[in-house]
Structure formats: C-alpha cells, structure tokens
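Colleague: Please take one part of this model, the nonpolar core, and go through it closely, together with the elements that build it. I would like a connected account rather than a list.

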Amino acid sequence: LRLSSSLQIWTANLLANHFRRRVPLIVARPGHKAAHDDLRRQYDLPTFIGCWSGQPLDQQFSGLLPHLVRRLVGEGRIDHLDLNFGCPVRKVTRKGGGAAIPAHPRLLASIIRAAVQAAGGVPVTTKFRMGIDDGHLTHLESGRISESEGCAAVTLHARTAAQLYDGSARWHAIGELKEEVSSIPVIGNGDIWVAEDALRMV
C-alpha cells in the first residue's frame, strides 16, 4: 500500500473496484473528469470513488451492460473486468442473480460471451461458487463455460451459496476445477486469511 499525496487515500498496486448494486462505481483517471461526469449522467451511475493513475484498474460487475463495458474499455478506464457470479446474498439470488446465475448454463455463457466481446483485448475473469447447494453443484460446468468463452482466469469460492460464509471452504473442489480447466489459471478463494493458508490450499 502507498499513500497518494494528491488524494490522501491509501492505494495499492492493483485497484479492485467492487460491484455495487447492478452497476459499478466508476473510477476517474486524471484528465478524464469531464468524460466521467458525462458517463455517470448517461448511465445514472453512482459517483466516482477517486482518481487513479499508473496502476492497473480492476472493475467488477454483478450485472452486465455490454455498451458500458465497451465505453469503459475504449476510454482506457479499466485494465481488467471481473464478472462476479459468487454473491450468495438471498435478496440477489432469489431474483436469479449472483450465485444463482451458474444454475442456468446458457445464460451464464451468454453473459460471459457478451463481456468478452465487449471487452476487446481487456482480460475478463469470472468468480463463482460450488453451486447453489450440495444438490446443485455447478462449479465444473461454470469453469468449462468460462474457459470456452474466452475468460483469462476463473476464481472458485469453495463454498455453496447456501453456506453463505459459514462452515469451512472445501478446497478439494478447487483441485477438481483445476483438473477440469487446464488452459487458464484457477484461483482459489475461501478461508485464505494469511499466507500460510494459501500454501495449505495449494
């Protein structure tokens, strides 16, 4: 982490802009303030969270607006797009969003395909859970779809949506996914609190 003297905020080598509601907060790079204000008005976006310069900028979406992705990429606003299909919150999943999307493989594939096409050369990654519950495990199929539709990497939170954040992450599922998805990186997520946890997971 480092302190930005111009903004007096702590920053890191990679800024990950987590999704909020259906659309993201947009980060304005220096010199893009006017363009950002126009973008925010056009798409009724929440206000920007700060300026960013030099470091890669990651933007996470909980939904997908391909035309917005194309504009963000075209104006150099993002360096990496992450599609989050792992949100287990019931107010999201009961409407078919978040961790419920991988239960519909054709829908999942269409969202990823649209994102990859809209992103051009910007890498697109996905994050998902093992499934809705133990009776509906979808992580292997989600990995295959992500790989075949052109994702640069996948992340698995090794819990089901029904687990929320309870119990222990089942790291063996990450190994199963890696056996299924061989051409792109598989990132493990869940119960990684210190470096030693990551080593044990691997």
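**The nonpolar core and its surroundings**

Modeller: Cysteine 151 counts as buried, at 4% relative accessibility, where buried means under 20% relative accessible area, exposed over 50%, and partly exposed in between (1.4 Å probe, protein chains only). Cysteine 87 is likewise buried, with a relative accessible area of 12%, and the structure holds zero disulfides, a disulfide being a pair of cysteine sulfur atoms within 2.5 Å.

Before going further, please keep in mind that this is a predicted model, in which local features need pLDDT of at least 70 and side-chain atom pairs count only at pLDDT 80 or more, while totals for chains, interfaces and linings use all residues. Residues are numbered from 1 along each chain as its sequence is written, and side-chain values use heavy atoms, with hydrogens and water left out.

As a setting for the core, the protein chain contains seven helices and 12 strands, which are DSSP runs numbered from the N terminus (helices H or I, at least four residues; strands E, at least two). Of its 202 residues, 46% are buried. Among contacts with a separation of 6 or more, 63% join residues 24 or more positions apart, contact meaning heavy atoms within 4.5 Å.

The largest nonpolar core has 32 residues; such a core is a set of buried Ala, Val, Leu, Ile, Met, Phe, Trp, Tyr and Cys residues joined through side-chain atoms within 4.5 Å. Two or more residues of this core come from each of α2 (66-74), β7 (80-85), α4 (105-119), β8 (124-129), β11 (153-157) and α6 (172-180), and α4 gives the most, with seven residues. The residues with the most contacts inside the core are Leu81, Leu83, Phe85, Ile112, Val124, Leu156 and Leu177. In soluble globular proteins, nonpolar side chains tend to be buried together.

Turning to the strands, β7 has six of its six residues buried, so this strand is largely enclosed by the rest of the structure. Leu81, Leu83 and Phe85 point one way from β7, whereas His80, Asp82 and Asn84 point the other way, and all of them are buried. In a regular strand the side chains alternate between the two faces of the sheet. β7 runs parallel to β8 and is joined to it by five bridges, where two strands pair if DSSP finds at least two bridges between them. Within this pairing, leucine 81 stands opposite valine 124 in β8.

β8 itself is largely enclosed by the rest of the structure, because five of its six residues are buried. β8 also pairs with β11 in the parallel sense over five bridges, and threonine 125 stands opposite alanine 153 in β11. Threonine 155, which lies in strand β11, counts as buried at 13% relative accessibility; leaving aside neighbours within four places in sequence, threonine 155 is in contact with Thr126, Lys127, Phe128, Ile187 and Asn189.

The helices come next. α4 has 15 residues that should span 21 Å at 1.5 Å a residue, and its end C-alpha atoms are 21 Å apart, which agrees; the expected span is 1.5 Å times one less than the number of residues. Buried in α4 are Leu108, Ala109, Ile111, Ile112, Ala115, Ala118 and Ala119, and the helix is followed by glycine 120, whose phi is positive, near 60°.

In helix α5 (residues 139-148), the buried residues are His139, Ser142, Gly143, Ile145, Ser146 and Glu147, and they pack against α4, β8, β10 (136-137), β11 and α6. Just after α5, glycine 150 takes a positive phi of about 100°. Leucine 177 touches two of these α5 residues, His139 and Gly143, along with Phe128, Leu140, Val154, Leu156 and Val186, not counting residues up to four places away in sequence.

At the edge of this account, glycine 76 is found in the loop between α2 and β7 and is partly exposed, with a relative accessible area of 31%. The C-alpha atoms of glycine 76 and valine 122 are separated by 9.8 Å, although these residues are 46 residues apart along the chain.
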